[in-house]
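Here are a few friendly notes to read with the model open beside you. I have kept each point short, so you can stop and look as you go.

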Amino acid sequence: MPKRGKKYIEAGKGVTPLQRFEVAEAVEAAVSNAFAKFDETVDVAIRLGVDPRHADQMVRGTCILPHGLGKEVKVLVICKGEKEKEALDAGADFAGSTELVEKIQGGWFGFDKAIATPDMMGVVGKIGRVLGPRGLMPNAKTGTVTFDVAKAVEELKAGKIDFRVEKAGIIHAPIGKVSFGAEKLTENLAALLEALLKLKPSSAKGAYFKTLAVSTTMGHGYRVETATLKDFVK
């Protein structure tokens with residue numbers, strides 16, 4: 001078991017492993033017990049009642065958090081012609097075609113999200129092996145392969161996140177920063193849960209939200225009583 005620091009131990013006093021909270025209480029507990037000197041990210045881990053081994057139970061999608069993520073997202077757009085200006089006017093940090101692909105091939109990764117127009121995917125495919133493992137490969141399912149580059153850029157800058165269920169049936173996602181405060185973080189979490197609910201596979205049986213825990217970068221995880229989610233997610 002990893003050695004825990006004094007601040008971590010102090011923050012967890014009074015919380016038992018079996019303790020469960022309502023959603024707002026879990027978020028408040030995570031925020032109020034954050035102790036790092038930097039503005040920690042608040043994350044959620046949600047175990048869904050799905051079996052990702054079956055294609056029809058793979059949960060993948062996007063969500064625009066109403067209060068964003070609290071950090072600058074550097075967006076790169078691989079496109080050509082007038083689309084380059086459209087992307088830059090919308091707020092993209094980088095826009096170009098083959099020259100950007102060559103730069104990435106050379107080891108440059110000075111961006112957080114990548115968008116590509118459909119006509120450039122043949123070129124982007126050349127760097128798929130380096131973009132894929134980093135979660136940077138443009139994908140039509142997440143809206144990052146599109147000719148509407150302005151909309152795609154604006155959404156990413158506004159706090160759009162993408163998520164995908166892991167082999168164990170768990171979704172990990174950030175919902176903002178500790179400095180947001182519990183109310184805004186709770187609203188961001190509500191948006192994520194609503195997005196997940198809309199993607200519930202028809203073949204999934206039993207409870208959809210199995211477990212849910214809220215934590216900060218350095219802090220404890222606070223588990224939610226999933227029975228309360230029915231009233232929380234409309």
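1. Let's start with a charged pair: how far apart are N and O where the side chains of D51 and R53 meet in a salt bridge? The distance is 2.9 Å. Keep in mind that this is a predicted model, and that a search of the whole structure finds six salt bridges.

2. Are the two partners of that pair buried or exposed? D51 has a relative accessibility of 18%, and because buried means under 20%, D51 counts as buried. R53, in contrast, has 73% and counts as exposed, since the cut-off for that class is over 50%. As a general reminder, side chains of opposite charge can pair when their charged atoms come close.

3. A second salt bridge joins the side chains of D93 and K157, with 2.7 Å from N to O. This pair links distant parts of the chain: D93 sits in the loop between helix 3 and strand 4, while K157 belongs to helix 7 (residues 149-158), and 64 residues separate them. Both ends fall in the partly exposed class, D93 at 28% relative accessibility and K157 at 31%.

4. Another salt bridge is formed by E155 and K160, whose closest N and O atoms are 3.1 Å apart. Here E155 is buried, and K160 is buried as well.

5. Now for the sheets. One is an open sheet of four strands in the order 7-1-8-9, and its pairing is antiparallel. Strand 7 (170-177) and strand 9 (221-223) are at the edges with a single partner strand each, so one side of each has no neighbour in the sheet. From one strand to the next, the twist averages 25°.

6. If you would like a place to zoom in on this sheet, try strand 1 (residues 41-48), which pairs with strand 7 in the antiparallel sense over seven bridges. Which residue of strand 7 is the bridge partner of A45? That partner is H172.

7. Helices lie against this four-stranded sheet too. Helix 8 (residues 182-198) packs on the sheet and touches strand 1, strand 7 and strand 8. The direction of helix 8 makes about 150° with that of strand 7. Helix 2 (residues 23-32) lies across strand 8 (209-216) and strand 9, and runs at about 25° to strand 8.

8. A further open sheet has three strands in the order 4-3-5, with parallel pairing. Why is one side of strand 4 (94-96) and of strand 5 (113-116) left without a neighbour in the sheet? Both stand at the edges, and each has a single partner strand. The twist in this sheet averages 15° from one strand to the next.

9. Within the three-stranded sheet, strand 3 (residues 75-78) and strand 5 are paired in the parallel sense over four bridges. For a marker in the viewer, look for V75, whose bridge partner in strand 5 is K113.

10. Two helices to look at here are helix 3 and helix 4. Helix 3 (residues 82-89) packs on the sheet, where it touches strand 3 and strand 4, and its direction makes about 175° with that of strand 4. Helix 4 (residues 98-105) also packs on the sheet and touches strand 3 and strand 4, but the angle between its direction and that of strand 4 is about 115°.

Terms used
Residues are numbered from 1 along each chain as its sequence is written. This is a predicted model: local features need pLDDT of at least 70, side-chain atom pairs count only at pLDDT 80 or more; totals for chains, interfaces and linings use all residues. Side-chain values use heavy atoms; hydrogens and water are left out. Two strands pair if DSSP finds at least two bridges between them. Axes are lines fitted to C-alpha atoms, for helices over the stretch in contact, and angles run from 0 to 180 degrees between N-to-C directions. Contact means heavy atoms within 4.5 Å. A salt bridge is a side-chain nitrogen of Lys or Arg within 4 Å of a carboxyl oxygen of Asp or Glu. Buried means under 20% relative accessible area, exposed over 50%, partly exposed in between (1.4 Å probe, protein chains only).
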